Amino acid sequence: MESANITVYGAGYVGLVTGACLAKSGHRVHLLDVDRAKLAALAEGRAPFFEPDLDATLASGIGSGRLTFAHPDDAEASDPDETAADRFVYVAVGTPSTPAGFADLRYVRDVMDRLEATAAAGTVVITKSTVPPGTGEPLAARLAKRGIGYVSNPEFLREGNAIGDWYHTDRIVLGGEPTHVERVAALYADIDAPIVRCGITSAELVKYASNAFLATKISFINEIASLCDVMGADVTRVARAVGMDRRIGEAFMHAGIGYGGSCFPKDTRALDFLSTVNGHDFHLLKAVIEVNARQRLLPVMALKRRLGSLEGSVVAVLGLAFKPDTDDTRESPAAEIIGLLLAEGARVRGHDPVGRLSIDDPHYVHAETLEEAVSGADAAIVATEWPQFAKADWTALAPVMTQSAIVFDGRNCLDPEAVRAEGLIYLGVGRG
Ligand code: UGA
């Protein structure tokens with residue numbers, strides 16, 4: 001396809017990656033966000049969060065003149081080429097959890113109202129935001145009355161690998177009327193991936209089912225890990241051998257303190273809620289969520305078992321981001337673990353190569369280095385498998401910790417023997 005005119009609503013992870021990659025593919029992309037501080041940083045080519053390769057992709061888009069930014073209320077937000085037939089609008093605004101666990105759709109609805117009132121006939125609106133199945137059909141019907149198309153195009157980007165995932169996705173899912181779907185498919189001509197064409201509600205469900213299935217794999221292997229602890233088996237060996245069966249697969253079989261982030265916890269809760277309100281009790285998903293909540297308690301329970309009271313104990317929490325290669329701390333297990341430790345009276349030092357938690361408690365300190373975090377510590381909890389922690393030199397770290405300090409490896413990423421050899425007590429998740 002010739003270069004298309006594309007507007008993207010929302011400069012979060014999904015919107016920024018979408019906009020930057022589409023601009024790199026040769027399209028003209030106008031990215032809109034309501035956060036003016038974010039827009040100012042973006043205009044200088046700086047992403048508002050840490051994501052490998054994103055700054056370079058943004059810079060190439062800005063440098064080529066094909067990637068521009070604006071506030072939706074500003075005059076420049078409207079595309080100058082109103083008459084273009086090849087107009088697309090991506091909706092990539094947030095859908096956070098409501099207190100009841102459902103997806104809060106107010107930002108999506110605001111954008112849709114705006115588009116219904118202002119978008120030119122012939123435009124195709126493409127929803128990237130994760131919206132509960134059943135959301136898109138009525139929106140599509142409303143937009144169709146004004147000659148505007150609608151396609152559901154869920155994203156499968158992982159934080160920390162989002163640019164790579166854009167180009168090397170396992171599939172592109174497009175839900176909508178065939179004529180609209182084909183126009184959107186043409187935007188992805190440079191991506192070598194199968195395209196799944198389906199209805200809007202099916203496309204929406206693909207997203208939730210994918211995340212719920214991956215979350216299920218994690219909670220399943222965490223249940224096996226608990227059994228390994230009871231039976232004296234090693235879950236890392238068990239998971240590897242089970243995953244070698246290609247029908248099962250090795251991915252998402254790492255036992256630990258559970259999943260976090262802005263997607264799995266939110267999407268599993270939303271799917272459970274959606275099932276319940278539609279009269280289906282999704283037992284399996286409820287168990288997945290419950291197991292995940294329990295995993296986060298494991299390090300605190302283990303320390304209490306070993307140390308008795310945690311009152312006055314010094315505990316280092318290594319890894320504040322919900323996973324490596326990101327500074328995102330949303331729903332990170334570390335945040336909850338630190339809260340529990342503080343409630344038990346411990347003094348906590350948090351450390352992460354890039355992430356930071358804002359915890360307002362006199363007993364919490366952010367340590368800039370690994371050494372500073374573990375210095376004088378009675379215990380260290382590895383909450384994120386950053387390579388810096390996996391490769392840490394325990395020969396150098398052990399002497400600055402208290403004698404026979406505990407190392408709780410919440411991601412099974414350390415070499416237990418290397419830790420034990422330094423006189424430390426190693427505890428993993430399901431390693432017997
Ligand atoms: C996830 C999905 O992997 C993406 O496909 C999806 O697009 C995205 O959600 C989304 O819905 O936007 P992400 O949240 O970035 O991506 O992170 P993952 O790499 O999937 O990890 C999620 C959590 O599961 C992390 O806390 C990680 O530590 C945990 N995890 C992962 C495990 O505990 N064990 C594993 O074996 C794998």
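## A tour from surface patch to ligand

Start on the outside: select Leu227, Val230 and Met231, which together make a nonpolar surface patch of about 350 Å². Keep in mind as you go that this is a predicted model.

Stay on Met231 for a moment. This residue is found in helix H8. Is Met231 buried or exposed? Its relative accessibility is 61%, and because the cut-off for exposed is over 50%, Met231 counts as exposed.

Now select the ligand and show what lies around it. You should find 20 residues surrounding the ligand, and the closest are Glu155, Leu157, Glu159, Lys207 and Asn211. Colour this shell by residue type and you will see nine nonpolar, four polar and seven charged residues.

Next, turn on the backbone atoms and look at the ligand's oxygen atoms:

- At Glu159, a polar backbone atom is 2.7 Å from an oxygen atom of the ligand.
- At Leu157, pick the backbone N or O atom that lies 2.8 Å from a ligand oxygen.
- At Gly260, a backbone N or O atom sits 2.9 Å from an oxygen atom of the ligand.

Switch to a surface view here. On its own the ligand has 710 Å² of accessible area, and the protein covers 92% of that. Then bring back the cartoon and highlight helix H8 (200-231) and helix H10 (264-277), the elements that give two or more residues to the shell around the ligand. Which of the elements gives the most to this shell? That is H8, with three residues.

To finish, follow H8 back to Met231, which is found in this helix and belongs to the patch where the tour began.

Technical notes
Residues are numbered from 1 along each chain as its sequence is written. This is a predicted model: local features need pLDDT of at least 70, side-chain atom pairs count only at pLDDT 80 or more; totals for chains, interfaces and linings use all residues. Side-chain values use heavy atoms; hydrogens and water are left out. A residue is near a molecule or strand if one of its heavy atoms lies within 4 Å of it. A polar contact is a pair of N or O atoms within 3.5 Å; within protein, one must be able to donate a hydrogen and the other to accept it, and residues adjacent in sequence count only if both atoms are side-chain atoms. Accessible areas come from the Shrake-Rupley method with a 1.4 Å probe; for residues, only the protein chains shown count as cover. Helices (H or I, at least four residues) and strands (E, at least two) are DSSP runs, numbered from the N terminus. Ala, Val, Leu, Ile, Met, Phe, Trp, Tyr, Cys and Pro count as nonpolar, Asp, Glu, Lys and Arg as charged, and the others, Gly among them, as polar. Patches are made of residues with over 30% relative accessible area and no salt bridge: like charges are joined within 9 Å, nonpolar side chains (Val, Leu, Ile, Met, Phe, Trp, Tyr) within 5 Å. A salt bridge is a side-chain nitrogen of Lys or Arg within 4 Å of a carboxyl oxygen of Asp or Glu. Buried means under 20% relative accessible area, exposed over 50%, partly exposed in between (1.4 Å probe, protein chains only).
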